[in-house]
Amino acid sequence: MQSHMPKVVTRFAPSPTGFLHIGGARTALYNWLFARRHGGSFLLRIEDTDRARSTDAAIDAIISGMKWLGLDWDGDAVSQFDQAARLRSVTEELLAKGAAYKCYATSEETAALRAQARENGAVFLGDMWRDREPDADTASQPYSIRIKMPREGKTTIDDQVQGAVTVQNGTLDDMIILRSDGTPTYMLAVVVDDYDMGVTHVIRGDDHLNNAFRQAQIYNAMNWDIPIYAHIPLIHGADGKKLSKRHGALGVDAYAEMGFLPAAMRNYLLRLGWSHGDDEIITTEQAIEWFGLENVGRGPARFDFDKLDSLNAHYLRQMNPANILPLIENELENTIETKLSDTERNRILRALPSIVERAKRLPDIVEAARLYCSATSMPVTEKAAGMLIGKGSMIQAVAIELEAVTTWSSEVIKAAIMSFAQARDLKMGEVMQPTRAAITRGAPSGDLVDLLEILGQKEALSRLGDQADA
RNA sequence: GGUCCCUUCGUCUAGUGGCCUAGGACGCUGCCCUUUCACGGCGGAAACACGGGUUCGAGUCCCGUAGGGAUCACCA
């Protein structure tokens, strides 16, 4: 960065009408990364100009989603609604400059004209009152305020992702900037707020690309510098269709509940639409170092759970067992319907490195960890039950063999089982399979001898005893 | 329908005119390892939407076609 360049300021401006969905999360991530990359600041602004649809619950959901993802913002989250007075004064200024005008058309009238324009394949410009003075009667009626768009020439935006995009000014509609109830619309609010907050780079979904041209006219009318734009493609569902609340869009809280790690989520979202050569596993530190708008893809990407799973599995394996346990504790205790004892806790801690090898999401770990709890209520799967038919006496014999073990270590346990098999002229597998079924009751697990060791002699013998009459 | 955008394996992508016999990752799959399930190791199948140009040479540039997407609110 050149020293004379202004400090980078980005922002994430969600509307509080629902949860923080996956597309918004990625937008937030890119803004955050870009700001951190350039030593700038990243702001959070709640776009609540639509009071009727904004809720406090949604604001909470957005904030907790951001925190879960590990995206911290500078300063306090700003409410757009709080700027209402400022926005009205900007409107006054626009009016005084002749860059905006009062429109007395009713919603019904406007809708009819719009429908008609569309039918004729024409652009609806909303200019019913652009060059018209109200009579005394009309002047007392409620009015909204529309911006007066230029009709000649064209506007080009040098988008950092999409490239240079040009639009004829004649296709721009005189949009409403102040509603007839005196409240500002989003179109006015974003511009003024971005300007007031000193936002230098506007990184947002490309559903806003068309808006950029309209908003640019407000900047021009106010004689403000237009920020640098970067419109990133949207995220689609696995079927290629747009992700919407009705169609597969989930809040980040839902991903948290499914057992994904924030680190995996960040890596996945980062890579979905952005790349750094062939790199796949990218830590947040590296991402901050490498992130740039020039490497953002231009086409929409589909969401793929398989890839997220594999990334999650990767990050799970990187974690320290002591840090994983707290993440699964509650779920596990709900499953076994009792508090975890210290013995169980220790067994799980020892088993975690191997459990994590075959887990993709947190619930997989909960399920596997259950094997290390002393609960005797563990159900026996059909497959395991089949494996145990007629093997009762052998299980009992194995139990007797293991009861004789004085030093409960995996080496000794394994030696005991091997000599047991040898003495009876059985293959290892013939002994191990039923023994495994008796110990795990069919639940997937890793190395059986290691499991036996961690379980402890008492628990192991108890489980074998339970199945000795099969 | 108008306007704007996009188009490399099933998916995410590398690729910025010759290094491409198109690379990586996930998924799928063969073999090996193995007491189960996994992990892992070594392989495999799998893509430049189509048609025209420009050029000595095109996945890379231009045009067209097709397909996909976004947007067209007193929502954001």
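**Cavities and the RNA-facing surface of the predicted model**

The largest cavity has a volume of about 60 Å³. The structure is a predicted model, and the search for enclosed spaces in it gave 3 cavities of 30 Å³ or more. Ser 354, Ile 355 and Arg 358 contribute to the lining of the largest cavity, together with Ala 368, Leu 371 and Tyr 372 and with the residues Pro 444, Ser 445 and Gly 446. By class, this lining comprises 5 nonpolar, 3 polar and 1 charged residues. The charged member is Arg 358, because Arg is counted as charged and none of the other lining residues belongs to that class.

For the second largest cavity, a volume of about 50 Å³ was computed. The lining of this cavity is made up of Leu 29, Leu 33, Ala 263, Arg 266, Asn 267, Leu 270, Ile 282, Thr 283, Thr 284 and Ala 287. Two or more of the lining residues come from each of helix H1 (22-37), helix H9 (262-271) and helix H10 (284-290). Among these elements, H9 makes the greatest contribution, with 4 residues. The lining of the second largest cavity divides into 6 nonpolar, 3 polar and 1 charged residues.

The surface facing the nucleic acid was examined next. Around RNA strand B there are 56 residues, of which Glu 47, Arg 114, Arg 179, Lys 242 and Asp 447 come nearest. On the RNA side, sugar and phosphate make up 65% of the strand B atoms that come within 4 Å of the protein. The surface near RNA strand B consists of 22 charged, 20 polar and 14 nonpolar residues.

Several secondary-structure elements each provide at least two residues of the surface near RNA strand B. The helices in this group are H4 (107-119), H6 (186-196), H7 (209-222), H11 (305-318) and H18 (428-440), and the strands are E7 (163-168) and E12 (301-302).

Individual side chains make polar contacts with both the backbone and a base of the RNA strand. In the side chain of Arg 53, an N or O atom is placed 2.9 Å from a sugar or linking oxygen of RNA strand B. Asn 210 likewise directs a polar side-chain atom to a sugar or linking oxygen of RNA strand B, at 3.4 Å. For Arg 436, the partner is a base oxygen of RNA strand B, which is 2.9 Å from an N or O atom of the arginine side chain.

Key. Residues numbered from 1 in each chain as written. Chains lettered and ligands numbered in written order. Predicted model: local features only at pLDDT ≥ 70, side-chain atom pairs only at ≥ 80, totals over all residues. Heavy atoms only, no water. Near = heavy atom within 4 Å. Polar contact = N/O pair within 3.5 Å; in protein donor to acceptor, adjacent residues only side chain to side chain. 1 Å grid on protein atoms, 1.4 Å probe; cavity = no way out; pocket = protein on both sides within 12 Å on 5 of 7 lines; lining within 4 Å. Points joined across faces, edges and corners; volume = space filled by probe spheres on them.
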